[in-house]
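Open your viewer, switch on a cartoon view and keep the selection box handy. We will walk through the chain one stop at a time.

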Amino acid sequence: MAGESRAELLAWLNELLAISYTKIEQCGTGAAYCQIIDSIYGDVPMARVKMNAKHEYEFVANYKILQTVFKNKKIDRPIPVEKLTKCKMQDNLEFLQWIKRYWNQNYPGQPYDAVARRKGAPVETPVTIVPLSSTNRLASGPPPARGKTPVGGPRAGSAQQNETIVNLQAQLRDIEILVQTQLEVLEAAGNDDETLKEIQKILYSTEEGFEVPENGGPVDEEETF
């Protein structure tokens, strides 16, 4: 049986998961794949799945969850993480077609409340997915100048601040990965660490707020996505 078309797959995906994806490439975050499997078994740790993942390291964390589920369920299918996280249409189309066939064969048929299973976690439909290193670079124009405007400066859209943000994110990325890895190790051992979780929250809010206050003032949390 030939695989469904892109339009058919998207219609099925959006209805099942109560989301509004417009491109197959958007599945590259890994979140949708995790929840499709959850709709079958109902025991994927959806609280750990980052539904509004924007960066590649967040995508990888989602796929680690998916790989663990595949192993536990003895699903004999390699997950080409490196290809899928690049958010290319063909790679994600092939994987989505496979996962749809698997769903057809294994879905038990009961109603599935996708929003409840992710506890209302926000799902920001990915519009443009780019590597972390270029997340905040200007879409066009010359490369931004370096080091003239401090982080949190008055001109939020300036090239200088964009450059500063990119440099800051590069420094935060290693910390975020270390925290995430340590949390996964603890969770695998049945333990938890609230301090690490708080650090993770601060790192995410700093990254998504795109500025660090100079004098300890509040981070601007206005949604800019």
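Colour the chain from the N terminus on, and the elements read α-α-α-α-α-α-α-α. That is 8 helices and 0 strands. Please keep in mind that you are looking at a predicted model.

Before zooming in, take in the whole chain. Of its 225 residues, 42% count as buried. The accessible surface comes to about 12,600 Å², and carbon and sulfur atoms hold 53% of that. If you display contacts with a separation of 6 or more, 64% of them join residues 24 or more positions apart.

**Stop 1: helix α1**

Select residues 6–17. This is α1, a helix of 12 residues that reaches 16 Å from first C-alpha to last, close to the 16 Å expected at 1.5 Å a residue. Now show side chains for Leu9, Leu10, Trp12, Leu13, Asn14, Leu16 and Leu17, which are the buried residues of α1. What do these buried residues pack against? Add α2 (31–41), α5 (89–106) and α6 (114–117) to the view, and you have their packing partners. Just after α1, click on Ala18 to find a positive phi of about 55°.

While Trp12 is displayed, add Lys100. The charged end of Lys100 sits over the Trp12 ring, 5.2 Å from the ring centre.

**Stop 2: Leu96**

Next, select Leu96, which lies in helix α5. Is Leu96 buried or exposed? Its relative accessibility is 0%, so Leu96 counts as buried. Leaving aside residues up to four places away in sequence, Leu96 touches Leu9, Trp12, Leu13, Ile24, Cys27, Tyr33 and Ile36. Try a distance label between the C-alpha atoms of Leu96 and Leu13: they are 9.3 Å apart, although 83 residues separate the two along the chain.

**Stop 3: the cysteines**

One of the residues touching Leu96 is Cys27, so it makes a handy next selection. How many disulfides does the whole structure hold? A search finds 0. Cys27 is in no disulfide, and the nearest cysteine sulfur, that of Cys87, is 9.2 Å away. Cys27 counts as buried because its relative accessibility is 0%. Select Cys34 as well: with 1% relative accessibility, Cys34 also counts as buried.

**Stop 4: the aromatic rings**

Show the aromatic side chains now. There are 7 aromatic pairs to look for. Start with Tyr33 and Phe95: their ring centres are 4.8 Å apart and the planes meet at 80°, so this pair is edge-to-face. It links distant parts of the chain, with Tyr33 in helix α2 and Phe95 in helix α5, 62 residues apart. Tyr33 is buried, at a relative accessible area of 0%, and Phe95 counts as buried at 1% relative accessibility.

Then widen the selection to Tyr33, Tyr63, Phe70, Phe95, Trp98 and Tyr102, which ring pairs link into a cluster.

**Stop 5: helix α3**

Two members of that cluster, Tyr63 and Phe70, lead to our last selection, residues 56–72. These 17 residues form helix α3, which should span 24 Å at 1.5 Å a residue; the end C-alpha atoms are 24 Å apart, which agrees. Display the buried residues of α3: Tyr57, Glu58, Phe59, Ala61, Asn62, Tyr63, Ile65, Leu66, Val69 and Phe70. Finish at Lys74, just after α3, where phi is positive at about 55°.

Definitions and conventions. Residues are numbered from 1 along each chain as its sequence is written. This is a predicted model: local features need pLDDT of at least 70, side-chain atom pairs count only at pLDDT 80 or more; totals for chains, interfaces and linings use all residues. Side-chain values use heavy atoms; hydrogens and water are left out. Helices (H or I, at least four residues) and strands (E, at least two) are DSSP runs, numbered from the N terminus. The expected span of a helix is 1.5 Å times one less than its number of residues. Buried means under 20% relative accessible area, exposed over 50%, partly exposed in between (1.4 Å probe, protein chains only). Contact means heavy atoms within 4.5 Å. Accessible areas come from the Shrake-Rupley method with a 1.4 Å probe; for residues, only the protein chains shown count as cover. A disulfide is a pair of cysteine sulfur atoms within 2.5 Å. Rings of Phe, Tyr and Trp (its six-membered ring) pair if their centres lie within 6.5 Å; planes under 30 degrees apart count as stacked, over 60 as edge-to-face and the rest as tilted. A charge sits over a ring if NZ of Lys or CZ of Arg is within 6 Å of the ring centre and within 35 degrees of the ring normal.
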